[in-house]
Amino acid sequence: MLSSFAKVSVIGLGYIGLPTAAVIASRGVEVVGVDVSEHAVNTINQGKIHIVEPDLDMLVQAAVTTGKLRASLTPEPAQAFMIAVPTPFKDDKAPDLSYIRAALENIAPVIEKGNLIILESTSPVGTTEQIAQWLSELRPDLKVPLDPSDNADIFIAHCPERVLPGRVLQELVSNDRIIGGITDRCAEKAMGLYQLFVRGECLRTMPAPPRWQS
Ligand SMILES: NC(=O)c1ccc[n+]([C@@H]2O[C@H](COP(=O)([O-])OP(=O)(O)OC[C@H]3O[C@@H](n4cnc5c(N)ncnc54)[C@H](O)[C@@H]3O)[C@@H](O)[C@H]2O)c1
């Protein structure tokens with residue numbers, strides 16, 4: 001396959017991450033799924049699933065059998081990292097971004113120049129920029145996209161997941177997707193990944209200009 005994404009890593013193998021990982025693997029891309037749950041990792045590596053979603057068992061079994069999908073507790077280098085960890089509300093109803101922060105801390109050591117990081121978790125406005133800020137602290141050697149005019153080493157984008165449970169495999173492919181890059185280059189790069197498996201329209205967007213000026 002002619003693609004700049006020979007290997008993709010999906011962080012968080014739950015109701016969103018596992019179907020996403022399996023669909024991308026079914027397109028012939030090597031996918032490594034990372035989860036903190038040993039039970040999830042062991043179950044997936046046996047070609048089985050630990051969640052309930054129609055037809056996902058067959059897709060995962062096929063992807064694991066062909067060697068395109070495997071799960072791990074430990075992140076490894078890849079061209080793209082898709083973050084699909086939980087984003088629950090805290091007691092005060094503020095969104096809890098600690099899972100995203102933990103996922104980023106985990107993958108930071110293996111991130112390389114040219115990598116794409118996509119946030120799929122449902123998140124408040126500004127979270128993608130928060131990821132860029134966190135990454136700049138975790139990996140000061142990398143130039144992150146915190147300014148639209150820059151030539152960053154890393155591409156960061158947000159593509160919120162909107163699938164309906166029970167129809168996830170169909171909707172992952174047929175739904176239109178909104179792909180927001182921190183910069184236009186980030187959005188362009190992320191479009192390339194989604195176009196590998198999405199048949200719906202991929203709509204490209206960026207933060208509005210005033211956010212850059214404030
Ligand atoms: N489930 C849905 O129908 C749905 C639909 C749209 C959006 N979303 C959003 O997608 C995101 C993921 O939801 P979900 O339903 O897949 O959650 P989930 O609880 O089913 O799966 C999350 C997975 O992430 C793992 N995880 C937690 N911390 C981790 C870390 N630091 N590193 C690696 N893995 C980690 C967990 O062990 C779990 O397997 C949330 O933001 C949710 O709001 C979910």
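Where is the place of L73? In this predicted model, L73 sits in the loop between β3 and β4. The residue is partly exposed, because its relative accessible area is 37% and that class runs between 20% and 50%. Several residues beyond its sequence neighbours touch L73. They are V34, D35, V36, S37, E38, V41 and N106, with residues up to four places away in sequence left out of the count. D57 is 16 residues from L73 along the chain. The C-alpha atoms of the two are separated by 21 Å.

The strands on either side of this loop belong to an open sheet. Eight strands form that sheet. Their order is β3-β2-β1-β4-β5-β6-β7-β8, and the pairing is mixed. The edges are held by β3, residues 69-72, and β8, residues 202-205. Each of these edge strands pairs on one side only. On average, neighbouring strands of the sheet are turned by 25° against each other, direction ignored.

One pairing within the sheet joins β1 and β4. Strand β1 covers residues 7-11, and strand β4 covers residues 80-83. The two run in the parallel sense and share four bridges. Here I11 stands opposite I83 of β4. Helix α1, residues 17-26, lies across β1, β2, β3 and β4. Strand β2 spans 30-34. The helix runs at about 145° to β3.

Two residues have a positive phi without being glycine. The first to consider is D55, with a phi of about 70°. D55 is placed in the loop between α2 (38-45) and α3 (56-65). Is D55 buried or partly exposed? Its relative accessibility is 45%, so D55 counts as partly exposed. The other residue is K93, with a phi of about 75°. K93 lies in the loop between β4 and α4. Its relative accessible area is 64%. K93 is therefore exposed, since the cut-off for that class is over 50%.

The model also contains pockets. The largest pocket holds about 570 Å³ of space. Its lining is made of 23 residues. Nearest the centre of this pocket lie A84, V85, P86, T87 and S121. Which helix gives the most to the lining of the largest pocket? It is α4, residues 98-107, with four residues. By residue class, the lining of the largest pocket divides into 13 nonpolar, six polar and four charged.

The second largest pocket holds about 310 Å³ of space. It is lined by 17 residues. The closest to its centre are V125, G126, T128, H158 and P207. Helix α5 (127-138) supplies at least two residues of this lining, and so does strand β7 (177-181). How do the residues of the lining of the second largest pocket divide, and what are the counts? Seven are nonpolar, eight are polar and two are charged.

How values were computed. Residues are numbered from 1 along each chain as its sequence is written. This is a predicted model: local features need pLDDT of at least 70, side-chain atom pairs count only at pLDDT 80 or more; totals for chains, interfaces and linings use all residues. Side-chain values use heavy atoms; hydrogens and water are left out. On a 1 Å grid over the protein atoms alone, a cavity is a set of points where a 1.4 Å probe fits but cannot get out, and a pocket is an open set with protein on both sides within 12 Å along at least five of seven lines; lining residues have an atom within 4 Å of a point. Grid points are joined across faces, edges and corners, and a volume is the space filled by probe spheres set on the points. Ala, Val, Leu, Ile, Met, Phe, Trp, Tyr, Cys and Pro count as nonpolar, Asp, Glu, Lys and Arg as charged, and the others, Gly among them, as polar. Two strands pair if DSSP finds at least two bridges between them. Axes are lines fitted to C-alpha atoms, for helices over the stretch in contact, and angles run from 0 to 180 degrees between N-to-C directions. Contact means heavy atoms within 4.5 Å. Buried means under 20% relative accessible area, exposed over 50%, partly exposed in between (1.4 Å probe, protein chains only).
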